[in-house]
Amino acid sequence: MPVECTLCHQRPAVLKRPKTSQAACKECFFQAVETEVHQTIVTHGLFTRGDVVAIGASGGKDSTVLAYLMKTLNERHDYGLDLFLLSIDEGITGYRDDSLETVRRNERQYGIPLKILSYQDLYGWTMDRIVATIGRRNNCTFCGVFRRQALDRGAAMLGVDKIVTGHNADDIAETVLMNILRGDVARLRRCTAITTSSEGAIPRSKPFKYTYEKEIVMYAYFKKLDYFSTECVYSPNAYRGHARTYLKDLERIRPSTIIDIIHSGDSLAVKGDVKMPVQGTCSRCGYISSQILCKACVLLEGLNRGLPRVGIGKATGGNMSAIVKKYGLREEEEEEKGEDGRRHHGGGEGEGMERRKGEMGGCGSCTCDSKKRTCRDPSTLLDVTRPDRPEF
Amino acid sequence: MSELRIHLEFSGGAELLVGKTKHHDIALPHQPHPWSLRQLIAWIRDNLLKERAELFVTGESVRPGILVLVNSTDWELLGQLDYTLQPNDHVIFISTLHGG
Ligand SMILES: [Zn+2]
Ligand SMILES: [Zn+2]
């Protein structure tokens with residue numbers, strides 16, 4: 001017995017919307033998703049007429065649907081945007097072939113010009129050459145660190161005004177959870193921002209902030225959009241994998257959980273007298289960094305000077321400690337999933353807790369005496385006296 | 001008293017768990033009661049998943065994050081695990097848990 005669409009009361013419903021529990025037919029579902037993303041773009045003023053916008057494109061589901069929707073909405077609502085797809089090629093033989101092939105098809109299918117930048121273009125090194133230099137052992141560290149900055153560097157090279165990425169509501173809720181579990185108040189406070197723009201950096205926004213992963217995948221399915229999926233990267237044992245599994249379990253019990261978590265992150269306030277880490281920029285490349293040099297520049301420095309161990313792991317080697325001293329280095333962690341929407345290991349994922357220990361002598365975020373950098377009692381950090389704030 | 005023939009499709013990365021093959025025409029053996037999706041998932045676990053079954057099955061259902069459609073309709077509108085399979089049903093499992 002087909003269920004009737006609760007929106008138009010005419011056609012048979014094809015899916016249950018997780019956000020609203022409505023049964024929707026295909027047409028009403030398309031309409032709803034497109035309208036919601038348009039509303040998000042308009043309400044948050046993500047673009048200005050005439051902007052050159054780079055869509056971070058990996059060939060995966062999120063960025064493929066994003067490219068299709070940006071194209072559709074730009075035409076339908078006359079945003080006046082100059083769109084193009086920006087893909088990153090790490091330069092690993094064979095690795096990107098399928099995903100880049102998908103992005104090339106997207107270029108033709110949607111008529112959006114594609115620009116592929118390689119690690120060679122961005123950093124002067126391909127991953128194959130890095131592996132040839134340093135061996136396989138630490139190559140994930142390089143790849144992860146370089147990937148995190150690749151879109152920003154690429155966009156800067158191309159002189160774009162804005163970057164958009166396919167991060168969806170599930171991704172953002174997952175990041176909120178991870179930052180709560182890690183007790184990372186500074187990141188917790190900014191991880192739900194729909195647009196991030198540090199000084200001098202190109203603003204980066206997430207038009208799918210309120211769009212459920214289920215709806216993105218269903219949209220791609222019903223529109224027959226062509227995307228590429230990789231080997232499962234949510235290894236059930238990885239730290240981020242645990243958070244994702246937990247989130248999906250919650251969603252099954254109560255689908256609104258995802259939006260509720262994002263809302264909690266949005267409305268969270270940090271007490272005014274709490275000291276937050278100062279965010280600076282890399283003196284060499286301008287990327288956000290709490291140190292004089294960002295991690296990518298440190299790794300590059302090592303590669304270019306023939307000291308590839310620099311920047312990896314603990315300060316053990318002789319060369320390493322000199323550089324650590326010189327630049328006041330500290331391990332940086334991954335903030336969220338890869339720039340291109342993929343999950344990657346390396347570059348700090350799943351190791352946040354251990355790495356933080358012993359970094360500083362005392363809690364850096366509040367007035368407690370905890371020996372850890374951030375104490376584990378969020379109630380001392382969050383302003384829970386304001387009635388509309390979530391309580392922890 | 002014959003077997004129940006249906007078509008299975010795995011996509012979004014779920015195909016990687018079943019021999020990298022997207023389409024599977026299968027014949028479920030005759031049984032006294034109608035086949036439910038719950039029983040189909042158990043059958044897939046026992047017959048198609050060669051390894052890493054935990055990436056597909058959780059308890060008696062699919063792992064949260066795997067979408068299920070029957071004849072292009074979300075199983076959440078069809079009673080989910082209790083849905084009774086019909087001859088020639090087209091059941092699709094789409095993983096949302098794979099990168100890309
Ligand atoms: Zn309708
Ligand atoms: Zn730098």
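Visitor: Where is A:Ser267 found?

Guide: A:Ser267 sits in the loop between α11 (257-266) and β9 (280-281) of chain A. Keep in mind that this is a predicted model.

Visitor: Why is A:Ser267 called buried?

Guide: Its relative accessibility is 10%. Buried means under 20%. So A:Ser267 counts as buried.

Visitor: What makes the link between A:Ser267 and A:His263 a polar contact?

Guide: The side chain of A:Ser267 reaches the backbone oxygen of A:His263 at 2.7 Å. The cut-off for such a pair of N or O atoms is within 3.5 Å.

Visitor: On to the metals. Which residues coordinate the zinc ion (ligand 2)?

Guide: A:Cys282, A:Cys285, A:Cys294 and A:Cys297, each through SG. The distances run from 2.2 to 2.3 Å. A donor must lie within 2.8 Å of this metal.

Visitor: Why is the arrangement around the zinc ion (ligand 2) called tetrahedral?

Guide: The four donor atoms subtend angles of 106 to 116 degrees. Four donors count as tetrahedral if all angles lie between 85 and 135 degrees. The angles around ligand 2 therefore make the arrangement tetrahedral.

Visitor: What spacing do the donors of the zinc ion (ligand 2) follow along the chain?

Guide: C-x2-C-x8-C-x2-C.

Visitor: Are A:Cys294 and A:Cys297 buried or exposed?

Guide: A:Cys294 has 2% relative accessibility and counts as buried. A:Cys297 has a relative accessible area of 3% and is buried.

Visitor: What are the protein donors of the zinc ion (ligand 1)?

Guide: They are the SG atoms of A:Cys5, A:Cys8, A:Cys25 and A:Cys28, lying 2.3 Å from the ion. Their spacing in sequence is C-x2-C-x16-C-x2-C.

Visitor: Why is it said that A:Cys8 and A:Cys25 tie parts of the chain together?

Guide: A:Cys8 lies in the segment before β1 (15-16) of chain A. A:Cys25 lies in the loop between β2 (23-24) and α1 (26-43) of chain A. The pair therefore ties together parts that are 17 residues apart in sequence.

Visitor: What makes the arrangement around the zinc ion (ligand 1) tetrahedral?

Guide: The four donor atoms subtend angles of 100 to 115 degrees. The permitted range is between 85 and 135 degrees. So the arrangement around ligand 1 is tetrahedral.

Visitor: How do you know that A:Cys8 and A:Cys25 count as buried?

Guide: A:Cys8 has 18% relative accessibility, and the limit is under 20%. A:Cys25 has 1%. So A:Cys8 counts as buried, and so does A:Cys25.

Visitor: Now the sheet. In what order do the six strands of the open sheet in chain A stand?

Guide: The order is β5-β4-β3-β6-β8-β7, with mixed pairing.

Visitor: Why do β5 and β7 of chain A stand at the edges?

Guide: β5 (114-118) and β7 (195-196) each have a single partner strand, so one side of each is left without a neighbour in the sheet.

Visitor: How do you know that β4(A) and β5(A) pair?

Guide: Pairing takes at least two bridges. Strand β4 (residues 82-89) and β5(A) have five, in the parallel sense. A:Ser87 stands opposite A:Ile116 in β5(A). Helix α3 (residues 97-110) of chain A packs on the sheet, touching β4 and β5 of chain A. Its direction makes about 165 degrees with that of β4(A).

Visitor: Why is A:Ile163 called buried?

Guide: A:Ile163, in strand β6 (residues 162-164) of chain A, has a relative accessible area of 1% and is therefore buried. The residues it touches include A:Ala54, A:Leu151 and A:Ile202.

Visitor: Over to chain B. Why is strand β5 (residues 66-70) of chain B called largely enclosed?

Guide: Five of its five residues are buried, so β5(B) is largely enclosed by the rest of the structure. B:Ile66, B:Val68 and B:Val70 point one way. B:Leu67 and B:Leu69 point the other way.

Visitor: What makes β6(B) a partner of β5(B)?

Guide: Two bridges join β5(B) to strand β6 (residues 73-74) of chain B, and the two run antiparallel. The requirement is at least two bridges. In β6(B), B:Thr73 is the bridge partner of B:Val70. The hairpin has two residues between the strands, and B:Asn71 takes a positive phi near 50 degrees there.

Visitor: In which sense do β5(B) and β7(B) pair?

Guide: Antiparallel, over five bridges with strand β7 (residues 90-95) of chain B. B:Val70 stands opposite B:Val91 in β7(B).

Terms used. Residues numbered from 1 in each chain as written. Chains lettered and ligands numbered in written order. Predicted model: local features only at pLDDT ≥ 70, side-chain atom pairs only at ≥ 80, totals over all residues. Heavy atoms only, no water. Helix = DSSP H or I, 4+ residues; strand = E, 2+ residues; numbered from the N terminus. Contact = heavy atoms within 4.5 Å. Axes fitted to C-alpha atoms, helices over the stretch in contact; angles between N-to-C directions. Donors = N, O, S within 2.8 Å, 3.2 Å for Na, K, Ca; no water. Tetrahedral: all angles 85-135°; square planar, octahedral: opposite > 155°, others 65-115°. Buried < 20%, exposed > 50% of the residue type's maximum accessible area, 1.4 Å probe, protein only. Polar contact = N/O pair within 3.5 Å; in protein donor to acceptor, adjacent residues only side chain to side chain. Lists of a residue's contacts leave out its neighbours within four places in sequence.
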